[in-house]
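Visitor: I should like a close look at one part of this model. Please take a single helix, describe how it is placed, and then follow its surroundings to the aromatic contacts.

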Amino acid sequence: MFVSLPKIFVSMGAIGNVIGTLFFAMVLFAAITSAMSILEAVVASLIDQFHMSRKAAVISESLFALVIAIVVCLGYNVWYFEYKLPNGTVGQILDVMDYVSNNVFMPIVAIATCILIGWILKPQLVIDEAEKGYRRMGRKRLYVVMIKYIAPILLLVLFLKSIGILTII
């Protein structure tokens, strides 16, 4: 978005500057509103879990986010390093955080979700909830097999491959 689109806007001539400015202003507002929605989820959790006031929760979460942002910014100059990731690429602090988030945390959460829905809550509860007020859910047995067995196995394979343990595939 920040490489290709500016080139397109430049090729449009004078009107491209106007359209580009409007486009990136809308991207800025989209980023701000997305950040606010993420902030609100964390703030609500802090209020519920630790019985904090809204003001204290917002300040503490904002300070935590600021510290992480400073660490990421300094990772490209003062704290610059290059780390070889298991997928063969070389990354800095933000790249390592992105890799851990996408290749470690997401598969683990997905596997935990499959275990929670498939084995603890039981898939029938999800099917019953999905059918409330709507048509009946088709292929219920396939859903149960997928959520209990196939998805967790494939997610485990994906996880092991992404962290560099499984190299056969």
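**Helix H3 and its surroundings**

Guide: In this predicted model, the buried residues of helix H3 pack against two other helices, H2 (14-50) and H4 (93-120). Helix H3 itself comprises 21 residues, 54-74. From its first C-alpha to its last, H3 reaches 30 Å, close to the 30 Å expected at 1.5 Å a residue. Its buried residues are Ala57, Glu61 and Val72. These residues cover an arc of only 40 degrees around the axis, which places them on the same side of H3. On the other side of the helix, Lys55 and Cys73 are exposed.

The aromatic contacts come next. A search of the whole structure yields 5 aromatic pairs. One of them joins Phe23 and Phe24 edge-to-face, at 5.2 Å centre to centre and with 80 degrees between the planes. Phe23 is partly exposed at a relative accessible area of 25%, and Phe24 is also partly exposed, at 24%. A further edge-to-face pair is formed by Trp119 and Tyr149, with 5.5 Å between the centres and 85 degrees between the planes. Because Trp119 lies in helix H4 and Tyr149 in helix H6 (residues 140-162), this pair ties together parts that are 30 residues apart in sequence. Both rings belong to partly exposed residues: Trp119 has a relative accessible area of 39%, and Tyr149 one of 41%.

Trp119 has a charged neighbour as well: the charged end of Lys148 sits over the Trp119 ring, 4.3 Å from its centre. Elsewhere, ring pairs link Phe23 and Phe24 with Phe2 and Phe9 into a cluster.

Notes: Residues numbered from 1 in each chain as written. Predicted model: local features only at pLDDT ≥ 70, side-chain atom pairs only at ≥ 80, totals over all residues. Heavy atoms only, no water. Helix = DSSP H or I, 4+ residues; strand = E, 2+ residues; numbered from the N terminus. Expected span 1.5 Å × (residues − 1). Buried < 20%, exposed > 50% of the residue type's maximum accessible area, 1.4 Å probe, protein only. Arc of directions from axis to C-beta. Contact = heavy atoms within 4.5 Å. Phe/Tyr/Trp six-rings, centres within 6.5 Å; stacked < 30°, edge-to-face > 60°. Lys NZ or Arg CZ within 6 Å of the ring centre and 35° of its normal.
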